[in-house]
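User: I am new to reading protein models and would like some help. Could you walk me through a few features, one at a time?

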Amino acid sequence: MADHAHPVQASEEGSASAMIGLRSVLFNLAFYLHMVAVLAVVTPVYFFLPQHVCMAVVAGWARRSLWLARVICRLNVDFRGIENLPKDGRYILAGKHQSLWETFALFAVIENPAFVTKRELLYVPIWGWWAWKAQMIYVTRGARSAALKEIADGSRRVLAKGRPIIIFPEGTRKPTGAPAQYKYGVVHLYGELGVPVVPAALNSGLYWLRRRFMRFPGTIVVSFLPPILPGLNSRDFLDALSEQIEAESDRLLLEADAAIPRPPFGPVATVRLAEIKAVGRP
């Protein structure tokens with residue numbers, strides 16, 4: 001009897017995979033057509049709008065994109081701990097970066113943020129023009145001291161307008177479960193700006209794969225943790241930030257492992273999951 005069950009199970013799994021693939025193709029078509037439509041309609045007037053209105057346009061695009069993911073791919077989002085975001089907007093959000101998803105999705109829940117990003121992106125046609133108008137914080141690659149000063153100066157201008165700063169402390173996208181490699185930029189901002197830092201963990205890399213078109217059903221979780229207040233020395237701050245983000249990232253990995261449907265775990269996430277279970281972390 002058991003032997004006869006295997007072909008049926010394999011057929012069901014194949015059908016599910018085919019449906020996920022079809023939904024992913026449809027979503028990507030809708031996602032990029034939606035983006036092109038927004039650019040085509042808004043670009044002629046975009047540069048005449050006030051900055052905060054421009055960002056409201058971006059936030060609307062982000063919310064509609066999340067809606068498309070939910071309707072087409074059955075990919076939901078759960079923003080947890082929103083009450084931990086300071087109401088005055090004067091804070092730094094320091095979080096994981098696993099996929100393209102968080103580079104637009106955070107606009108849907110955080111009002112008028114400024115991302116710390118590479119200056120080279122300003123030279124991308126159309127996108128760079130929009131980024132310039134959005135008044136993000138741009139960093140020129142080169143000497144570390146000059147780059148740190150550039151980040152701090154840009155961040156002060158942003159905070160003076162009551163806008164939150166979003167920075168990815170590891171500097172680039174990394175696979176879910178990859179060993180942490182926090183850079184000095186976030187430490188420098190914490191010491192220079194004297195505002196709270198909100199740690200953030202997420203699991204987007206399990207559902208929205210890097211450099212692949214597949215979008216898997218389930219729930220992407222973004223967890224905003226209690227703010228780290230100003231006043232710590234550099235080492236204590238970095239220890240607190242990394243410990244909180246990594247512990248929450250591990251919890252989200254365990255949660256995804258128990259989810260139905262369960263997202264696919266890549267090799268890095270699989271190794272990390274085994275490590276967590278081996279030491280019995282909650």
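User: How far apart should the end C-alpha atoms of α2 be, and what is found?

Analyst: Keep in mind that this is a predicted model. Along a helix, each residue adds 1.5 Å, so the 23 residues of α2 should span 33 Å. The end C-alpha atoms of α2 are 32 Å apart, which agrees with that expectation.

User: What phi does Arg74 take, just after α2?

Analyst: Arg74 has a positive phi there, of about 55°.

User: How do I describe two helices that pack together?

Analyst: Two values do the job: the angle between the axes of the helices and the distance between those axes. Here, take α2 (residues 51-73) and α4 (residues 127-134): their axes come within 9 Å and cross at roughly 130°. That angle is why α2 counts as oblique to α4.

User: Which residues make the contact?

Analyst: From α2 come Gln51, Cys54, Met55, Val57 and Val58, while α4 brings Trp130, Lys133 and Ala134. Sorted by class, this contact of α2 with α4 has six nonpolar residues, one polar and one charged.

User: Is there a general idea that helps me look at positions along a helix?

Analyst: Yes: an α-helix has 3.6 residues a turn, so residues three or four places apart point the same way.

User: Let's turn to cavities. How many of 30 Å³ or more does the structure hold?

Analyst: There are two cavities of that size. The largest has a volume of about 60 Å³, and the second largest about 30 Å³.

User: What lines the largest cavity?

Analyst: Its lining consists of Leu93, Ala94, Gly95, Lys96, Leu106, Ile166, Ile167, Phe168, Ala200, Ala201, Leu202 and Val222. The elements giving two or more residues to this lining are β2 (92-95), β5 (165-167) and β6 (197-202). By class, the lining of the largest cavity has ten nonpolar residues, one polar and one charged.

User: And which residues line the second largest cavity?

Analyst: Leu66, Ala69, Leu75, Asn76, Val77 and Trp101 line that cavity. Here we meet α2 again: α2 and β1 (75-80) each supply at least two of the lining residues.

User: Which element gives the most to the lining of the second largest cavity?

Analyst: β1 does, with three residues. Across the lining of the second largest cavity, five residues are nonpolar, one is polar and none is charged.

Key:
Residues are numbered from 1 along each chain as its sequence is written. This is a predicted model: local features need pLDDT of at least 70, side-chain atom pairs count only at pLDDT 80 or more; totals for chains, interfaces and linings use all residues. Side-chain values use heavy atoms; hydrogens and water are left out. Axes are lines fitted to C-alpha atoms, for helices over the stretch in contact, and angles run from 0 to 180 degrees between N-to-C directions. Helices (H or I, at least four residues) and strands (E, at least two) are DSSP runs, numbered from the N terminus. Angles under 35 degrees count as roughly parallel, over 145 as roughly antiparallel, 65 to 115 as roughly perpendicular and the rest as oblique. Contact means heavy atoms within 4.5 Å. Ala, Val, Leu, Ile, Met, Phe, Trp, Tyr, Cys and Pro count as nonpolar, Asp, Glu, Lys and Arg as charged, and the others, Gly among them, as polar. The expected span of a helix is 1.5 Å times one less than its number of residues. On a 1 Å grid over the protein atoms alone, a cavity is a set of points where a 1.4 Å probe fits but cannot get out, and a pocket is an open set with protein on both sides within 12 Å along at least five of seven lines; lining residues have an atom within 4 Å of a point. Grid points are joined across faces, edges and corners, and a volume is the space filled by probe spheres set on the points.
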